[in-house]
Amino acid sequence: MSSEALNRVSWAAAAAIFCFALFLRASLADPRPLRSDTDEAQYMRLGSAISDDFRIYDAFSEDLSASRGPLFPVFLALAGKISSFKITDIVLAQAFVNAFCTLLVYWAGVKLHSRLCGLLAAFLFAIDPVQMRQVSTPMIES
């Protein structure tokens, strides 16, 4: 098999792992209502503020914008615009981004070692229970 054909097959396998990871994350996600005093709620408030009028600060004066970086709240603002800030839809958006990381892990494994290493690393990331659990709450860690 030529190297180009092998490259296509390995990327197709990585895409299959991505689909598997997305399925796991979406089906095992357990979104719950947010308490107002949690980090998750603060991220959601920041995302909502950015979505509403491009404010980069929280509703509470003691939580200024420097307490949280802007990139994740911007992601929440975009996902919230699409989903009307339903926590279930936000979790699905997070599941997609987290599953996309399997492709990044595959790419890193290929660059650092080999195609087989990339596929194995992507698969291990796809079945990591911590990653599956973390998409259930709107936190930057996921």
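**Helix α3**

I started with what sits over the buried residues of α3, and the cover includes α2 (39–53) and α4 (87–112). Before going on, I jotted down that this is a predicted model.

Next I asked myself which residues of α3 are buried. My list reads Phe-72, Pro-73, Leu-76, Ala-77, Ala-79, Gly-80 and Ser-83. I kept a general reminder beside it: an α-helix has 3.6 residues a turn, so residues three or four places apart point the same way.

Then I checked the length of α3. With 13 residues at 1.5 Å a residue, I expected a span of 18 Å. The end C-alpha atoms of α3 turn out to be 18 Å apart, so the two agree.

I also looked at what follows α3, and found Ser-84, with a positive phi near 60°.

**Val-74**

I picked out Val-74, which belongs to helix α3, residues 71–83. Buried or exposed? I got a relative accessible area of 34% for Val-74, so I put it down as partly exposed.

I looked up Ser-51 too, which is 23 residues from Val-74 along the chain. The C-alpha atoms of Val-74 and Ser-51 are 7.9 Å apart.

**Gln-131**

My last stop was Gln-131, in helix α6, which covers residues 129–134. The relative accessible area of Gln-131 is 14%; the cut-off for buried is under 20%, so I noted Gln-131 as buried.

What does Gln-131 touch, leaving aside its neighbours within four places in sequence? I found contacts from Gln-131 to Arg-25, Asn-98, Phe-125 and Ser-142.

Terms used
Residues numbered from 1 in each chain as written. Predicted model: local features only at pLDDT ≥ 70, side-chain atom pairs only at ≥ 80, totals over all residues. Heavy atoms only, no water. Helix = DSSP H or I, 4+ residues; strand = E, 2+ residues; numbered from the N terminus. Buried < 20%, exposed > 50% of the residue type's maximum accessible area, 1.4 Å probe, protein only. Expected span 1.5 Å × (residues − 1). Contact = heavy atoms within 4.5 Å.
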